[in-house]
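Got the viewer open and a free hand on the mouse? Let's walk through this one together, one selection at a time.

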Amino acid sequence: MTSLLTIASEANYPGGVALSRLNHRFSNIGAKVYIDNLAAQSGASLFLQEHSEPYSPLFGGSGLDWTYDKTENRTDFADFTFVLAEPQRGSDLLNADKLIAGMKQPWSVVEVIRAFNGFPVRRLLSRLKKTTGSQEEGGAEEWQIVDMRDALWILQNGP
C-alpha cells in the first residue's frame, strides 16, 4: 500500500516537474516565465526559481535573472518567454497567434507534463481475472499502476 501511495505522490506535482525541467533545459538564456494557478499549486514554488533571487547561499545564482510571475487571472502573455499552463489555457495560446512588430509569433509546446489521475482498479482487477490460470501476457498499458493525464504544458513564445 505504501508503495502505491508513493508512486501516486511522486506523480502529483506537475508544477514542480515543469519548472525544474524548464530551468534545466533553458539554463543558458534569460527568460520571463508565467506560472499559472495549477503549476503554482502543484510544486512550482520559490524554491525552484533557480534563476532569480534569493539565490542559494551554497550554490549561488545562475546570473540569468529570470522573472517568474504568478499573477492570477492574467490574459496578456505577449511579454513572456515561457508559460507553464493547463492544457485549456495552453490550447488558447497556441490558437491565438499574436502580432509583434509586424510579425506573427506563435507559441509552441516545449513539453507536456503528465500527472496522477487515479488508480485503475477496475482495469487491473479485470486483467487479473482474465489471466488467472493462463500464461497470457498483457500490454504495458493494461498493467499501469496509476493513470496519468496531461496536466501542464510548457509553452515557448516565438520560434
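Here is a tour that goes from the whole chain to the sheet, then to some salt bridges, loops and a surface patch.

**Stop 1: the whole chain**

Start with everything shown as a cartoon, and keep in mind that this is a predicted model. The protein chain has 5 helices and 7 strands. If you trace it along the sequence, the pattern reads α-α-β-α-β-β-α-β-β-β-α-β. The chain has 159 residues, and 32% of them count as buried. Among contacts with a separation of 6 or more, 80% are between residues 24 or more positions apart. Switch on the surface for a moment: the accessible area comes to about 9,800 Å², with 53% of it belonging to carbon and sulfur atoms.

**Stop 2: the sheet**

Now hide the surface and look for the open sheet of 5 strands, which has the order β2-β1-β3-β7-β6 and mixed pairing. Its edge strands are β2, residues 67-69, and β6, residues 107-118, and each of these pairs on one side only. From one strand to the next, the twist averages 20°.

Which way do the neighbours run, parallel or antiparallel? Select β1 (32-35) and β2 to begin: these two are parallel, joined by 3 bridges. To find one of those bridges, pick K32, whose partner in β2 is T67.

Move on to β3 and β7, an antiparallel pair with 4 bridges. Here F82 has Q156 in β7 as its bridge partner. Then select β6 and β7, which are also antiparallel and share 10 bridges. V112 is a good place to zoom in, with W153 as its bridge partner in β7.

While the strands are on screen, show some side chains. In a regular strand they alternate between the two faces of the sheet.

**Stop 3: the helix across the sheet**

Select residues 14-25, which form helix α2. The helix lies across β1, β2, β3, β6 and β7, and it runs at about 150° to β6.

Keep α2 selected and show the side chains of R21, R25 and E111, which are linked in a network of salt bridges. E111 forms one salt bridge with R21, where the closest N and O atoms are 2.5 Å apart. E111 lies in strand β6 and R21 in helix α2, so this pair ties together parts that are 90 residues apart in sequence. The other salt bridge joins R25 and E111, at 3.9 Å from N to O. That pair also links distant parts of the chain, with R25 in α2 and E111 in β6, 86 residues apart.

How accessible are these three? E111 is partly exposed at 22% relative accessible area, R21 is partly exposed at 41%, and R25 is partly exposed at 49%.

**Stop 4: two loop residues that touch**

Next, select N12, in the loop between α1 and α2. Beyond its sequence neighbours up to four places away, N12 touches S42 and F116. Try the distance tool on N12 and F116: they are 104 residues apart in sequence, yet 5.2 Å apart in space from C-alpha to C-alpha.

Now click on S42, which sits in the loop between α3 (37-41) and β2. Is S42 buried or exposed? With 5% relative accessibility, S42 counts as buried. Its contacts beyond four places in sequence are N12, Y13, P14, G15, G16 and L152. N12, by contrast, counts as partly exposed at 37% relative accessibility.

**Stop 5: the loop after β2**

Go to N73, in the loop between β2 and β3. Most residues other than glycine have a negative phi. N73 has a positive phi of about 60° although it is not a glycine. At 68% relative accessibility, N73 counts as exposed.

Then pick R74 and D69, whose side chains meet in a salt bridge of 2.8 Å from N to O. R74 counts as partly exposed at 23% relative accessibility, while D69 counts as buried at 11%.

**Stop 6: a nonpolar patch**

To finish, bring the surface back and select L5, I7, F119, V121, L125, L128 and I145: together they make a nonpolar patch of about 590 Å². Two elements, α1 (2-10) and α5 (121-131), give two or more residues to it. The most come from α5, with 3 residues. L128 is in α5, and at 44% relative accessibility L128 counts as partly exposed.

How values were computed. Residues are numbered from 1 along each chain as its sequence is written. This is a predicted model: local features need pLDDT of at least 70, side-chain atom pairs count only at pLDDT 80 or more; totals for chains, interfaces and linings use all residues. Side-chain values use heavy atoms; hydrogens and water are left out. Two strands pair if DSSP finds at least two bridges between them. Axes are lines fitted to C-alpha atoms, for helices over the stretch in contact, and angles run from 0 to 180 degrees between N-to-C directions. Contact means heavy atoms within 4.5 Å. Patches are made of residues with over 30% relative accessible area and no salt bridge: like charges are joined within 9 Å, nonpolar side chains (Val, Leu, Ile, Met, Phe, Trp, Tyr) within 5 Å. Accessible areas come from the Shrake-Rupley method with a 1.4 Å probe; for residues, only the protein chains shown count as cover. A salt bridge is a side-chain nitrogen of Lys or Arg within 4 Å of a carboxyl oxygen of Asp or Glu. Buried means under 20% relative accessible area, exposed over 50%, partly exposed in between (1.4 Å probe, protein chains only).
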